[in-house]
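I opened the notebook to look up how the helices and sheets of this chain pack together. I wanted pairings, angles and contacts in one place.

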Amino acid sequence: MLLVVKIFLAVTDGPGIRNFVHGRFLSVLKSAGLSVTIYSGVHTEALRATAGEQLDGIETCELPIYRETQFSHLLRKSVELAHMKRFGTMPMRLNLTWGAPRGMSRGAIGNRVAYSLGEICRRPGGIRRLSAQHERSVLSHPLTQHYRSLLRDAKPDLLFVTHQRPPQSSPLVAAAKSLGIPTAAFIFSWDNLTSKGRIPIAYDHYLVWSDHMRSELLRFYPDVRPNCVHVVGTPQFEPYAYPEFGWSEERFSIELGLTGGHRRICFSCGDRSTSPNDPAYLRALAAANRAGAFEVPVDLIVRPSPAESDERFRSVIQEYPELKWSTPRWIQTRPAHPEPWSQRIPTVDDIHLLKSTISYCDVNVNVASTMTLDFAQAGKPVVNVGFGGNGGDSPGFDDFIYYSFDHYRPVLELSAARLARTERELVGAVNSYLSNPDLDAAGRKRLIDLQVGLPLRGTSERIVDTLLSIPTRNAARVSCLA
């Protein structure tokens with residue numbers, strides 16, 4: 001008999017809302033007859049305004065903003081650095097270099113201390129001790145005591161956190177664990193385990209996309225028991241498999257002002273910090289299109305990152321007004337928040353817009369983006385660009401290095417996309433795909449099989465079934481740490 005009757009769902013940010021509120025997950029939870037309370041990291045008014053009837057019958061509470069003590073921040077930063085120093089993947093080494101302390105300000109001095117502690121504690125025993133000390137510091141925070149009181153009264157059977165990285169959820173997780181309430185986290189993105197620092201606080205269970213991601217988690221967190229890592233797929237792409245999401249091609253064309261009979265190239269952007277050369281790539285595509293370099297007439301569609309405005313593209317917009325902008329339909333709710341990026345949240349309309357974009361575009365161009373997986377799910381070809389200092393907007397930054405990152409390297413190894421290092425190669429790759437969209441189709445399927453692993457249909461049901469099973473496995477509160 002299943003033991004779960006009440007789930008607390010911690011949704012800390014916009015991606016969590018997209019994946020677990022706007023999609024199918026809540027309706028599947030409600031169909032299972034469960035009591036659900038959402039703890040929201042964004043204003044509940046904004047959440048309800050964007051989610052609409054999805055939240056009918058669901059209680060929502062707003063998470064107070066967690067402000068770390070200096071000591072707790074130092075410990076979290078130190079264990080994050082120790083983790084990256086221990087495992088030393090290429091992106092981890094780059095993050096260590098880019099974040100290295102400079103100057104003698106108060107913040108720089110604190111950073112130097114964290115780097116020193118990270119170096120001293122980089123061995124497994126040191127990481128365990130630092131992690132335990134950090135968790136004790138979180139447990140002593142007044143907000144954690146508030147959550148302990150709340151959870152003691154509410155008596156949930158499970159706490160499920162939709163994004164494992166934000167520190168904002170740490171006091172809630174620490175409070176739940178101290179009361180013997182099972183905790184579970186969803187690994188948000190395919191690059192998080194190999195590229196980022198350590199997960200801020202340990203969970204009892206982890207939900208992952210694929211067997212490949214499961215292997216990664218057990219590699220980087222060897223203290224986690226294998227039976228506590230559950231392969232479920234990801235709700236990020238699940239709407240692509242269901243007809244209730246997305247628009248008709250006619251509506252999509254009207255929304256973006258597209259030209260009838262033209263083929264469509266979508267350039268999807270990163271943000272300023274990770275993909276500073278995007279304006280140069282967009283300019284190269286726009287110039288090629290205006291010069292008739294593509295073998296058929298095309299509309300060039302641009303999808304900026306949801307994390308920022310289109311400010312850095314102003315000169316390109318003025319120079320090439322024929323570009324069609326597919327601006328993500330996200331809203332900023334609390335710009336003064338300690339992590340303002342987490343307060344940009346999607347509307348349901350953005351899921352329809354994104355599905356329509358991948359459905360009705362012929363080719364995608366991006367810089368080592370997760371959008372490669374989005375378009376591969378629709379069977380659409382992708383051209384990756386990496387001019388780096390060869391004419392980019394940020395000459396000192398060579399974005400070609402992304403294609404050596406652990407999570408992205410299989411894209412090229414499996415022949416799932418083509419890589420362009422020059423404008424000529426970019427135009428040639430786009431023309432090849434416009435002429436034959438089935439090129440590299442087998443590679444795209446291999447990539448999806450590796451990174452996502454399970455069919456999109458039924459993803460929410462798999463997640464719910466897994467959550468239902470956790471308290472049964474955890475009834476005696478056997479820890480998942482070996």
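I start with a term: two strands pair if DSSP finds at least two bridges between them. One caution goes with everything below: this is a predicted model.

**Entry 1: the sheet of 6 strands**

I checked how E9 meets E10. Strand E9 (residues 298–303) and E10 run parallel, joined by 2 bridges. I looked for the partner of Val302 and found Trp325 in E10.

I then traced the whole sheet. It is open, has 6 strands and follows the order E10-E9-E8-E13-E14-E15. Its pairing is parallel. Strand E10 (324–325) and strand E15 (418–420) are at the edges; each has a single partner strand, so one side of each has no neighbour in the sheet.

Which helix lies across E9? I found helix H13 (residues 278–290), running at about 165 degrees to E9. H13 also lies across strand E8 (263–268), E10, strand E13 (363–366) and strand E14 (382–385).

**Entry 2: the sheet of 7 strands**

I moved to another open sheet, with 7 strands in the order E3-E2-E1-E4-E5-E6-E7. Pairing here is parallel. I noted strand E3 (59–62) and strand E7 (229–231) as the edge strands, each pairing on one side only. From one strand to the next, the twist averages 20 degrees.

I looked at the E3 edge. Strand E2 (residues 35–40) pairs with E3 over 4 bridges, in the parallel sense. Thr37 stands opposite Glu59 of E3. Helix H3 (residues 44–51) packs on this sheet and touches E2 and E3. The direction of H3 makes about 140 degrees with that of E3.

I then went to the E7 edge. Helix H11 (residues 211–220) lies across strand E6 (205–208) and E7. I read its angle to E7 as about 165 degrees.

**Entry 3: H4 against H7**

Two packed helices are described by the angle between their axes and the distance between the axes. I looked up both for each pair.

For helix H4 (residues 70–87) and helix H7 (residues 124–139), the axes come within 9 Å and cross at roughly 155 degrees. The class of roughly antiparallel takes angles over 145 degrees. H4 and H7 are therefore roughly antiparallel. The crossing is left-handed.

I listed the contact next. On the H4 side I have Phe71, Ser72, Leu75, Arg76, Ser78, Val79, Ala82, His83 and Arg86. On the H7 side I have Pro124, Ile127, Leu130, Ser131, Gln133, His134, Ser137 and Val138. These residues divide into 8 nonpolar, 7 polar and 2 charged.

**Entry 4: H4 against H6**

I stayed on H4 and turned to helix H6 (residues 106–120). Their axes come within 7 Å and cross at roughly 50 degrees. H4 and H6 are therefore oblique to each other. I noted a right-handed crossing.

H4 contributes Gln70, Leu74, Lys77, Ser78, Leu81, Ala82 and Lys85 to the contact. H6 contributes Arg106, Gly110, Asn111, Val113, Ala114, Tyr115, Leu117, Gly118 and Glu119. The split is 7 nonpolar, 5 polar and 4 charged. I marked Ser78 and Ala82 of H4, which appear in this contact and in the one with H7.

**Entry 5: H7 against H9**

How are H7 and H9 set to each other, roughly parallel or roughly perpendicular? The axes of H7 and helix H9 (residues 170–178) cross at roughly 95 degrees, coming within 9 Å. The two are therefore roughly perpendicular.

From H7 I found Glu135, Val138 and Leu139 in this contact. They meet Ser170, Pro171, Ala174, Lys177 and Ser178 of H9. I counted 4 nonpolar, 2 polar and 2 charged residues.

**Entry 6: an aromatic pair**

I find 16 aromatic pairs in the structure. I picked one of them, Phe252 with Tyr360. It is tilted, at 5.6 Å centre to centre with 45 degrees between the planes. Phe252 lies in helix H12 (residues 249–256) and Tyr360 in helix H15 (residues 348–360), so the pair ties together parts 108 residues apart in sequence.

Definitions and conventions
Residues are numbered from 1 along each chain as its sequence is written. This is a predicted model: local features need pLDDT of at least 70, side-chain atom pairs count only at pLDDT 80 or more; totals for chains, interfaces and linings use all residues. Side-chain values use heavy atoms; hydrogens and water are left out. Axes are lines fitted to C-alpha atoms, for helices over the stretch in contact, and angles run from 0 to 180 degrees between N-to-C directions. Angles under 35 degrees count as roughly parallel, over 145 as roughly antiparallel, 65 to 115 as roughly perpendicular and the rest as oblique. A crossing is left-handed if the near helix is turned anticlockwise from the far one by less than a right angle, and right-handed if clockwise. Contact means heavy atoms within 4.5 Å. Ala, Val, Leu, Ile, Met, Phe, Trp, Tyr, Cys and Pro count as nonpolar, Asp, Glu, Lys and Arg as charged, and the others, Gly among them, as polar. Rings of Phe, Tyr and Trp (its six-membered ring) pair if their centres lie within 6.5 Å; planes under 30 degrees apart count as stacked, over 60 as edge-to-face and the rest as tilted.
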